[in-house]
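I opened this entry to record what I looked up in the model, element by element. My plan was to start from a helix pair and work outward.

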Amino acid sequence: MTKRTSAKYKLDRRMGENIWGRPKSPVNKREYGPGQHGQRRKGKMSDFGIQLRAKQKLKGYYGDVTEKQFKKNYFEASRMKGDTGQNLIGLLERRLDAVVYRAKFAPTIFSARQIVSHGHIYVNGVKCNIASRLVKPGDEITLGKKAQEMALVMEAQSLAERDIPDYIAPDGAAKITYTRVPTLDEVPYPVKMEPNLVVEFYSR
């Protein structure tokens, strides 16, 4: 399991955006970056800087996926038919931890990864603890009985700030079916994601 080594809200402040749409985000109060130099006026970004920022934002949104995993997703997306940026979003949205998060089984992407790695998630009736596993359309994802009583799961299901997207079909409170791979427009990002800039970054 990938462990996040820095405070997750620092990413919000570094980007100057509330990337998960959480009400507790410090960006809601302070739009400048973290640290003693955070309030300095920012200069104009280079094309490389803009592309890097887009990559860090997308990578961070999915729980700070490792560079190795993220790059692997990019190369896989580039080998697929169609638009590489759209393919990349599709692959990221098929990650088991992302599906658990979208299903509102967890309040954050980080807790979704933890629930998966602790063995609380079943894919088609079989326990799976690999957060990066790619879910296929038609797969059924079920929350284990012990997890259904966890406080963070109950918190997630009561969150008003996000809804379950159309490509995930709930069957009660503890089971969903992943119906299809979404397009960029269908993914409920709280901020604008630019996978085209990520493609430019890696194809330099």
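**Entry 1: the H3 and H4 crossing**

I began with the handedness of one helix pair, and I noted that H3 and H4 cross in a right-handed sense. The model is a predicted one, and I keep that in mind for everything below. I then looked up the geometry of this pair: helix H3, residues 67-79, packs on helix H4, residues 84-93, at an angle of about 130 degrees, and the axes are 8 Å apart. The pair therefore counts as oblique, since an angle that is neither under 35 degrees, over 145, nor in the range 65 to 115 falls into that class.

Next I listed who makes the contact. From H3 I wrote down Phe70, Asn73, Tyr74, Glu76, Ala77 and Ser78, and from H4 I wrote down Thr84, Asn87, Leu88, Leu91 and Leu92. Sorted by class, the residues of this H3 and H4 contact come to 6 nonpolar, 4 polar and 1 charged.

**Entry 2: H4 and its surroundings**

How many of the 10 residues of H4 are buried? I found 9 of the 10 buried, so H4 is largely enclosed by the rest of the structure. The buried ones are Thr84, Gly85, Asn87, Leu88, Ile89, Gly90, Leu91, Leu92 and Glu93. I then asked which elements the buried residues of H4 pack against, and I noted H2, H3, helix H5 (96-102), E5 and helix H9 (195-202).

I followed up the last of these partners. The axes of H4 and H9 come within 8 Å of each other and cross at roughly 105 degrees, which means that H4 is roughly perpendicular to H9. On the H4 side I recorded Thr84, Gly85, Leu88 and Ile89, which meet Pro195, Val198 and Val199 of H9. By class, the H4 and H9 contact holds 5 nonpolar and 2 polar residues, with no charged residues.

**Entry 3: alanine 54**

I turned to alanine 54, which I placed in helix H2, residues 47-61. Its relative accessible area is 4%, so alanine 54 is buried. The neighbours I listed for alanine 54, leaving aside residues up to four places away in sequence, are Glu194, Leu197 and Val198. For one of these I also noted the spacing: alanine 54 and leucine 197 are 143 residues apart in sequence, yet their C-alpha atoms are 6.3 Å apart in space.

**Entry 4: the sheet**

In what order do the 5 strands of the open sheet run? I read the order as E2-E1-E3-E5-E4, with antiparallel pairing. At the edges I found strand E2 (126-127) and strand E4 (168-170), each of which pairs on one side only.

I then went through pairs of strands. Strand E1 (residues 121-123) and strand E3 (residues 140-143) run antiparallel and are joined by 3 bridges, with tyrosine 122 having threonine 142 of E3 as its bridge partner. E3 is in turn joined to E5 by 3 bridges, again antiparallel, and here threonine 142 stands opposite lysine 175 of E5. E4 and E5 also pair in the antiparallel sense over 3 bridges, where alanine 169 faces threonine 177 of E5. I recorded this E4 and E5 pair as a hairpin with 4 residues between the strands, and glycine 172 in the turn has a positive phi of about 80 degrees.

Which side chains of strand E5 (residues 175-178) are buried? Ile176 and Tyr178 point to one face and are buried, whereas Lys175 and Thr177 point to the other face and are not. I set this beside the general expectation that side chains in a regular strand alternate between the two faces of the sheet.

**Entry 5: histidine 120**

I placed histidine 120 in the loop between helix H6 (109-117) and E1. With 15% relative accessibility, histidine 120 counts as buried, because the cut-off for that class is under 20%. Beyond residues up to four places away in sequence, histidine 120 touches Ile115, Thr142, Leu143, Gly144, Lys146, Ala147 and Met150. Threonine 142 is thus a residue I met earlier, as the bridge partner of tyrosine 122.

**Entry 6: the whole chain**

Last, I noted the totals: the protein chain has 9 helices and 5 strands, and 46% of its 204 residues are buried. Of the contacts with a separation of 6 or more, 61% are between residues 24 or more positions apart.

How values were computed. Residues are numbered from 1 along each chain as its sequence is written. This is a predicted model: local features need pLDDT of at least 70, side-chain atom pairs count only at pLDDT 80 or more; totals for chains, interfaces and linings use all residues. Side-chain values use heavy atoms; hydrogens and water are left out. Axes are lines fitted to C-alpha atoms, for helices over the stretch in contact, and angles run from 0 to 180 degrees between N-to-C directions. Helices (H or I, at least four residues) and strands (E, at least two) are DSSP runs, numbered from the N terminus. A crossing is left-handed if the near helix is turned anticlockwise from the far one by less than a right angle, and right-handed if clockwise. Contact means heavy atoms within 4.5 Å. Ala, Val, Leu, Ile, Met, Phe, Trp, Tyr, Cys and Pro count as nonpolar, Asp, Glu, Lys and Arg as charged, and the others, Gly among them, as polar. Two strands pair if DSSP finds at least two bridges between them. Buried means under 20% relative accessible area, exposed over 50%, partly exposed in between (1.4 Å probe, protein chains only).
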